[in-house]
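Hi,

Here is the structure I promised to pass on to you. Have a look at it first, and then read my notes below.

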Amino acid sequence: MSIYKNKRDWKYNTAKHITFVVTKDCQLACKYCYLVGKNNKERMSWDVAKQAVDYILNHEKEMPEASVVWDFIGGEPFLEIDLIDRVCDYLKMEMFRLDHHWFNSYRFSFSTNGINYDSEKVQQFIAKNHKHLSIGITIDGTERKHDLNRIWKNDKGEERGSYLNVVRNIPLWLKQFPGAKTKVTISSADIPYIKESILHLYNLGIHQVNINCVFENVWEEGDDQRFEEQLMELADAIIDNRYYENYACSFFSEHIGKPLDPVSQNQNWCGAGKMLAVDAEGLFYPCLRFAQYALREKKPWIIGNIRDGINKNKLRPFLTLDRCTQSPQKCIDCEVAEGCAWCQGENYDAADTPTVYQRSTAICLMHKARVRANNYYWNKLFRKLELEEAREEYETNKPKFNPAKC
């Protein structure tokens, strides 16, 4: 007999994303990290985690989403694997006991630097929860690109890259999660290594590479041109070597680079306000990026706590957020607006005043460069496929030589 009272299917597109900031510590000091306030002092206690779970599960009507993603983040989340294991066990038992609509319709999600992925405790946790796990290991590409930014934390000011400590765990990760994806971040300094890095990740066996430019204003004059050149070289390599048959890179998409109708295509890019994050103090945020350790200039946007619950008035500004309410006119009228992303937390942090209604446009030129390279990619690929189809059709239908008729 199954232990499941009612089997419920996983529905990612309708999932509630709930983030537990289990630690603000990390072994690395990545140069592009948006978490500017990392430290080794703020760690979530079991008492805070339990109260957060109890509050969330006992307010089922306020969170009607069909599924849930329980996201554990840091710093580096696996530094707190003992707490995470206990929290996940408690979540499973409570969802079952309450006959909660999220029971058996959930995922435990992690983005890890991969350094202690092969540790005994992490592997025991994976074995116990494998069917409900989503784990992404961040590896930035070649050793040269990865070690440019993803360096070990060192008080002496010496830079030591972490590539070798991460890449050794990639085979185990891919064996356990064959369809796993990685996330690559691009900043100004590592633009020259984009092409070689994506191809390197393919050769490691990673078939899906999600990649994005940092949203912060770090870009220098000419970066967009260098970016476009790298993407066009990458496009040539993917198409000429037929990587497109089995591999994907999120920089190339058929669904970007078109104008957006301000009425029918006016949704917000970001899910801030629909998500929920809780930190070591038991404070609730509309998203991790509104916590103090993720902000350079602004004060945290706290929407409640585990004792008093969520203050819906603090969430009101997020309810009316869409593309037009926060974008300057040039973005609304942009001919290549589709696919141009933004981060709500970065919008808030970079705004002139403490508002979520001022969109940061630091990546404008980078998006336009991506669109130009994307157009090049798809034009070349379609021409190649059309020629191959025409050649195949000709070979199939061409008249056969008959010497008897000569």
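Let's begin with helix α2, bearing in mind that the model is predicted. Helix α2 covers residues 81-97, 17 residues in total, and its first and last C-alpha atoms are 24 Å apart, close to the 24 Å expected at 1.5 Å a residue. Among its buried residues are Ile81, Leu83, Ile84, Val87, Cys88 and Leu91, and the buried set also includes Lys92 and Glu94. What do the buried residues of α2 pack against? Their partners are two helices and two strands: α1 (46-57), α3 (120-129), β2 (67-73) and β3 (106-112). After α2 comes aspartate 99, which has a positive phi, near 50°.

Next, the eight-stranded sheet. This open sheet has mixed pairing, and its strands follow the order β4-β3-β2-β1-β8-β9-β10-β11. The edges are taken by β4 (133-137) and β11 (309-310); each has a single partner strand, so one side of each is left without a neighbour in the sheet.

Strand β3 is mostly covered, with five of its seven residues buried. β2 and β3 run parallel and are joined by five bridges, and valine 69 stands opposite arginine 107 of β3. Between these two strands the chain passes through α2, giving a right-handed β-α-β crossover. On to the edge strand: β3 and β4 also run parallel, again with five bridges. Here phenylalanine 108 has leucine 133 of β4 as its bridge partner, while serine 111 stands opposite glycine 136 of β4. Together with α3, β3 and β4 make up a β-α-β unit that is right-handed.

Helix α1 lies across several strands of this sheet, namely β1 (15-21), β2, β8 (276-278), β9 (283-285) and β11. Relative to β1, α1 runs at about 165°.

There is also a three-stranded sheet. It is open and parallel, in the order β5-β6-β7. β5 and β7 (248-249) stand at its edges, and because each has a single partner strand, one side of each has no neighbour in the sheet. β6 (residues 208-213) pairs with β7 in the parallel sense over two bridges, and valine 209 has cysteine 249 of β7 as its bridge partner. Helix α7 lies across β5, β6 and β7, at about 155° to β6.

How does α7 pack with α8? Helix α7 (residues 194-203) meets helix α8 (residues 223-240) at an angle of about 35°, and their axes are 8 Å apart. On the α7 side the contact is made by Ile194, Lys195, Ile198, Leu199 and Tyr202; the α8 side includes Phe227, Leu231, Leu234 and Ile238. By class, this contact has nine nonpolar residues, one polar and two charged.

One last residue to look at is serine 188, in the loop between β5 (181-186) and α7. Is serine 188 buried or exposed? Its relative accessibility is 15%, and buried means under 20%, so serine 188 counts as buried. Leaving aside neighbours within four places in sequence, serine 188 is in contact with Val218, Trp219, Glu220 and Asp223.

Happy to talk any of this through whenever it suits you.

Best wishes

Methods:
Residues are numbered from 1 along each chain as its sequence is written. This is a predicted model: local features need pLDDT of at least 70, side-chain atom pairs count only at pLDDT 80 or more; totals for chains, interfaces and linings use all residues. Side-chain values use heavy atoms; hydrogens and water are left out. Helices (H or I, at least four residues) and strands (E, at least two) are DSSP runs, numbered from the N terminus. The expected span of a helix is 1.5 Å times one less than its number of residues. Buried means under 20% relative accessible area, exposed over 50%, partly exposed in between (1.4 Å probe, protein chains only). Contact means heavy atoms within 4.5 Å. Axes are lines fitted to C-alpha atoms, for helices over the stretch in contact, and angles run from 0 to 180 degrees between N-to-C directions. Ala, Val, Leu, Ile, Met, Phe, Trp, Tyr, Cys and Pro count as nonpolar, Asp, Glu, Lys and Arg as charged, and the others, Gly among them, as polar. Two strands pair if DSSP finds at least two bridges between them. A crossover is right-handed if, with the strands pointing away from the viewer, the path from the first strand over the helix to the second runs clockwise.
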